[in-house]
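Biologist: I've got the chain up on my screen and I'd like to know where some of the labels come from. Can we go through them one by one?

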Amino acid sequence: MRNVTIALFALLISYSASAQYDPGFRFGIKAGANLSNINGSNDLTLAPGGNAFNFKDNSNRSLGFAGGVFFRFGKTFYIQPELLLSQKGGKFNVYKDGLTNSEGKVDVRFSNLDVPVLFGFRVAKFFRVNVGPMASLRLSSNGKLGDSFDDFTGDNSDVTFKNRLAYGYQAGVGFDFGRMSLDVRYEGNFTEIVKVNFNNATTASQFGKKGNLFQATLGFAIF
């Protein structure tokens, strides 16, 4: 009984100290998940060698990891830059000769380094809103989009993928509970994250896609 009382007392002290935590500068770590998609107003239609195939958007979202560090300067009004490793992607339906099947799906995945800079306002002690620009550098991809082009057009299709660096924005809300924080955001792109240069300018202009995602993360302020 004595040990239980001591443990409860220590937990109460820890909670009280955390509840009083409200500095003008925070540095911490955060981790969570992305639900991302790739889409655009134009689909790609090609007919190499008389065999037509199309790439069309798929509404299903891809689940990926997001995590890194954050800095927060200020209280009521604040600036919060972050460095995040972020897994993003999307899915496409592949139509070959006008037919589809269960294998006609392309699941595209990217690993990115994201640098959002958020400008926020704390409405109450525990609740805040924020919005700001973001730069996203593509570090790697699973290569499935390029492989799909090669499957349908041959190894000499001369497909290249541009825009390793994309620009966008994030906007959302956050909740602070002492050192702990919860953030829920929407991310959109100003620039295309997938742009195909396929043999001629006409096709290149037909296939450009932007990304978007919903993100939820839990953070912990180290100091």
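Modeller: Sure, and keep in mind that this is a predicted model. Let's begin with F73, which has 44% relative accessibility and counts as partly exposed.

Biologist: Why is F73 called partly exposed?

Modeller: Buried would need under 20% and exposed over 50%. F73 has 44%, so partly exposed is the label. F73 sits in strand β4, residues 62–74.

Biologist: How do you know that β4 pairs with β1?

Modeller: Pairing takes at least two bridges. β1 (residues 25–39) and β4 have twelve, in the antiparallel sense, so they count as paired. F25 is opposite F73 there.

Biologist: What makes β1 and β12 a pair?

Modeller: Twelve bridges again, set against that cut-off of at least two, so β1 and β12 (residues 208–221) pair too, running antiparallel. One bridge puts A31 across from L218 in β12.

Biologist: Why does F126 count as partly exposed?

Modeller: F126 has 44% relative accessibility, which lies between 20% and 50%, so the label fits. F126 belongs to the loop between β6 and β7.

Biologist: Which residues does F126 touch, beyond its neighbours within four places in sequence?

Modeller: G174, F175, D176 and F177. G174 is 48 residues away along the chain, yet the two C-alpha atoms are 8.1 Å apart.

Biologist: And what makes the nonpolar patch on the surface?

Modeller: Members need over 30% relative accessible area. F73 and F126, each at 44%, clear that. Both are in the patch, along with others including F25 and F177, and the patch has about 1000 Å² of accessible area together.

Conventions: Residues are numbered from 1 along each chain as its sequence is written. This is a predicted model: local features need pLDDT of at least 70, side-chain atom pairs count only at pLDDT 80 or more; totals for chains, interfaces and linings use all residues. Side-chain values use heavy atoms; hydrogens and water are left out. Patches are made of residues with over 30% relative accessible area and no salt bridge: like charges are joined within 9 Å, nonpolar side chains (Val, Leu, Ile, Met, Phe, Trp, Tyr) within 5 Å. Accessible areas come from the Shrake-Rupley method with a 1.4 Å probe; for residues, only the protein chains shown count as cover. A salt bridge is a side-chain nitrogen of Lys or Arg within 4 Å of a carboxyl oxygen of Asp or Glu. Helices (H or I, at least four residues) and strands (E, at least two) are DSSP runs, numbered from the N terminus. Buried means under 20% relative accessible area, exposed over 50%, partly exposed in between (1.4 Å probe, protein chains only). Contact means heavy atoms within 4.5 Å.
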